[in-house]
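Here are a few exercises to work through with the model open beside you. Try each one on the structure before reading its solution.

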Amino acid sequence: MIQVKTFYLNELRECCYVLYDSTKECVIVDPGLQNANEQQRLVRFIEENSLKPVKLLCTHGHFDHIMGNAFVAAKWGIPTYIHKEDIGQLERAPQYCQMFGFSIEQPPVDNIVELNDGDKVTFGESELKVLHTPGHTRGGVCFYSAPDKFIVTGDSLFQGSIGRTDLPGGDYDALMESLLTKVCKVDVDSKVYPGHGPETTIAHELNTNPFLRYE
Ligand SMILES: [Zn+2]
């Protein structure tokens, strides 16, 4: 049984998730840590629960989701898992951030494991399925647990909304196809852990999300 801890981080209130099971191994998803205070919140949670981080998982390469990659990779010596189409965003992140008035440490671009559609990411006795869901970015992915009925959607699906597609690599038609043919095809009772905002469920979004209404 996977436990999920949520952190709301940085000025964009980005959602970082720590997923762990009874073995105490954990993965850290989208550590958008902006400062030492946020870094300490994450470290304290990991230490107080005696967790052992084994993988850093990226739903996509946008700067608000990867600001803490350098810290996490160095602190625990763990590899970064990301789809290859978004690796370039890791490389360009520091320059890109400057345009928004942020300064971030270069996210590691070595010790990378490329994610592909259908991959299984394991930790402890648990397994997550990788769904490649381009549209918000070209290399966007979701992480799905069928047994524990949840999906981490990054910025593809939010409560009542969907990810923006006006940034570089964004593609509205691709995002709709990802949502309708992959994300919304998982168990409808699945909880949704999005990249921003409150958690929801697939069923709730199918019933109420205006972007998911079939004509
Ligand atoms: Zn994003």
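**Exercise 1.** Find which residue of β5 stands opposite L56, and work out how the two strands run.

*Solution.* Keep in mind that this is a predicted model. Start at L56: its opposite number in β5 is T80. Next, look at the strands themselves: β4 covers residues 52-57 and β5 covers residues 80-83, and two bridges join them in a parallel arrangement. Now look at what lies against the sheet here. Helix α3 (residues 69-76) packs on it and touches β3 (25-29), β4 and β5. The direction of α3 makes about 145° with that of β4.

**Exercise 2.** Give the strand order of the six-stranded open sheet, and explain why β1 and β6 each have one side without a neighbour in the sheet.

*Solution.* Walk across the sheet and you meet β1-β2-β3-β4-β5-β6, with mixed pairing. β1 (3-9) and β6 (112-115) are the edge strands; each has a single partner strand, so one side of each lacks a neighbour in the sheet. Then check the twist: on average, neighbouring strands are turned by 25° against each other, direction ignored.

**Exercise 3.** Trace the pairing from β7 through β8 to β9.

*Solution.* Begin with β7 (residues 120-123) and β8 (residues 126-132), which are antiparallel and joined by four bridges. Within this pair, V121 faces L128. The hairpin has two residues between its strands, and G124 adopts a positive phi near 50°. Moving on, β8 also pairs with β9 (residues 141-145), again antiparallel over four bridges. Here K129 has Y144 as its bridge partner.

**Exercise 4.** Identify the residues with the most contacts inside the largest nonpolar core, then list what I151 touches.

*Solution.* The core holds 53 residues, and V29, F143 and I151 have the most contacts inside it. Strand β2 (residues 14-20) supplies the largest share, six residues. For I151, leave out residues up to four places away in sequence; the contacts are then C142, F143, Y144, V183, V186, S190 and V192.

**Exercise 5.** Decide which residues of α5 are buried, and why they lie on the same side of the helix.

*Solution.* In α5 (residues 172-181), the buried residues are L175, S178 and L179. They share one side of α5 because they cover an arc of only 95° around the axis. The general rule helps: with 3.6 residues a turn, positions three or four places apart in an α-helix point the same way. On the face turned away from the buried side you will find the exposed residues D173 and T181. Finally, the cover over the buried residues includes β11 (157-158) and β12 (161-162).

Notes
Residues are numbered from 1 along each chain as its sequence is written. This is a predicted model: local features need pLDDT of at least 70, side-chain atom pairs count only at pLDDT 80 or more; totals for chains, interfaces and linings use all residues. Two strands pair if DSSP finds at least two bridges between them. A nonpolar core is a set of buried Ala, Val, Leu, Ile, Met, Phe, Trp, Tyr and Cys residues joined through C-beta atoms within 7 Å. A residue is buried if 20 or more other C-beta atoms lie within 10 Å of its own, exposed if 12 or fewer, and partly exposed in between; C-beta atoms are placed from the backbone. Two residues are in contact if their C-beta atoms, placed from the backbone, lie within 7 Å. The arc is that of the directions from the helix axis to the C-beta atoms. Axes are lines fitted to C-alpha atoms, for helices over the stretch in contact, and angles run from 0 to 180 degrees between N-to-C directions.
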